[in-house]
There are 2 protein chains.
Amino acid sequence: MTLRSNPGLAALAAEMETHGATRDAPTRSVMALLGDRWSTLIMLVLAETTLRHSELKATLEKLSSEQAISQKILTEKLRRLERDGFVARIAGNGPTPMVNYELTDLGRGFHKQIRRLIGWINDNAETILSSRMEADA
Amino acid sequence: MTLRSNPGLAALAAEMETHGATRDAPTRSVMALLGDRWSTLIMLVLAETTLRHSELKATLEKLSSEQAISQKILTEKLRRLERDGFVARIAGNGPTPMVNYELTDLGRGFHKQIRRLIGWINDNAETILSSRMEADA
DNA sequence: CCGCATCCTAGGCGATACTG
DNA sequence: CAGTATCGCCTAGGATGCGG
């Protein structure tokens, strides 16, 4: 099974090698969102309702038993999701800051994929857990 | 939209909070595989063919334009995939080491999910890239 | 209320050298 | 060939304080 005989895999691998520069294939950088600490959870929350920055932070705090997200990271993650077009940032123009975040159509599409993925993992959780218990024994 | 009124999200969040201890819900730890440097690529390769450790390393090197995987990391990743039951390790009992790795049925199922995910990202790559270009401008 | 700058820590990852 | 041990880098993430 050489590289030459398998262009499909090579193409996939090439996509996976890119890291998010403007013109790079987005495969790897988008998949990285699934692995990081907050991005997925942020999208799960925003899929339910549009929220302001502070409300979003509070909601994540309620949902997160261990630790709250820092403002810095929340802003960072939202910026990144906004850059990719998954989240829209709507700033009010009053005297006091008032910034709303919501999923775009693209974000909703991605959210569906996330839910499907979580569904598969849940469907196979028993198998995975029993494998772990056997391995750790 | 309180936590109480939204048990579905709370359940999802709870799963996402766990980190891979033996009895934890596997959601988060499995999603983390999608984000790391090598796990996904390893599964893409093993989905095509069973390989020995050294062959796998060589294949990953060919596919990876930038950098090769270190022996240490390859072993580490394989151990983890094996623990979760995605990969099977088949050691020969001859005088010279001869260890084959292949996907399990569970691993093949997971691989299908990965391909589906990559497919969605590719289908939406144009949108994502144009969003990035606009954001970076 | 929102975001930025600074400093800090933990963990992923890699290079190298060494065993059976 | 397969795996382990040691070392060091780099970056995601967190704590805190300031500015608009």
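A charge sits over a ring if NZ of Lys or CZ of Arg is within 6 Å of the ring centre and within 35 degrees of the ring normal. With that in hand I looked up A:Arg37 in this predicted model, and I found its charged end over the ring of A:Trp38, 4.2 Å from the ring centre. I then turned to chain B, where B:Arg37 lies over the face of B:Trp38, at 4.2 Å from the centre of that ring.

**Entry on confidence**

Before going further I checked how far chain A can be trusted, and I noted a mean pLDDT of 90, with 94% of the residues of chain A reaching 70 or more. Among the elements of chain A, helix 6 (residues 105–123) has the highest mean pLDDT, 97, while helix 1 (residues 7–16) has the lowest, 83. I keep in mind that where pLDDT is low, the predicted coordinates should not be read in detail.

**Entry on the two chains**

I asked myself what turn lays chain B on chain A. The answer I wrote down is a turn of 180 degrees with a shift of 0.0 Å along the axis, which leaves an RMSD of 0.1 Å. That is the relation of a two-fold axis. In chain B, the C-alpha nearest this axis belongs to B:Gly35, and I noted its distance from the axis as 2.1 Å. I also looked at which residues make the contact, and 100% of the contact residues of chain B recur in chain A, so that the same surface serves both copies.

**Entry on the aromatic rings**

Over all chains I counted 4 aromatic pairs in the structure. I took up A:Phe86 and A:Phe110, whose ring centres are 4.7 Å apart and whose planes stand at 15 degrees; planes under 30 degrees apart count as stacked, and so this pair is stacked. A:Phe86 lies in the loop between helix 5 (71–83) and strand 2 (87–91) of chain A, whereas A:Phe110 lies in helix 6 of chain A, so the pair ties together parts that are 24 residues apart in sequence. Are A:Phe86 and A:Phe110 buried or exposed? Both of these residues, A:Phe86 and A:Phe110, turned out to be buried.

I followed A:Phe110 onward and found that it also forms a stacked aromatic pair with B:Trp120, at 5.3 Å centre to centre and with 25 degrees between the planes. This pair crosses between chains, running from helix 6 of chain A, which holds A:Phe110, to helix 6 (residues 105–123) of chain B, which holds B:Trp120. B:Trp120 is buried, as is A:Phe110. My last note is that ring pairs link A:Phe86, A:Phe110 and B:Trp120 into a cluster.

Technical notes. Residues are numbered from 1 along each chain as its sequence is written. Chains are lettered from A and ligands numbered from 1 in the order in which they are written. This is a predicted model: local features need pLDDT of at least 70, side-chain atom pairs count only at pLDDT 80 or more; totals for chains, interfaces and linings use all residues. Side-chain values use heavy atoms; hydrogens and water are left out. Copies are superposed by least squares on the C-alpha atoms of residues with pLDDT of at least 70 in both. Contact means heavy atoms within 4.5 Å. pLDDT is the predictor's confidence in each residue, from 0 to 100. Helices (H or I, at least four residues) and strands (E, at least two) are DSSP runs, numbered from the N terminus. Rings of Phe, Tyr and Trp (its six-membered ring) pair if their centres lie within 6.5 Å; planes under 30 degrees apart count as stacked, over 60 as edge-to-face and the rest as tilted. Buried means under 20% relative accessible area, exposed over 50%, partly exposed in between (1.4 Å probe, protein chains only).
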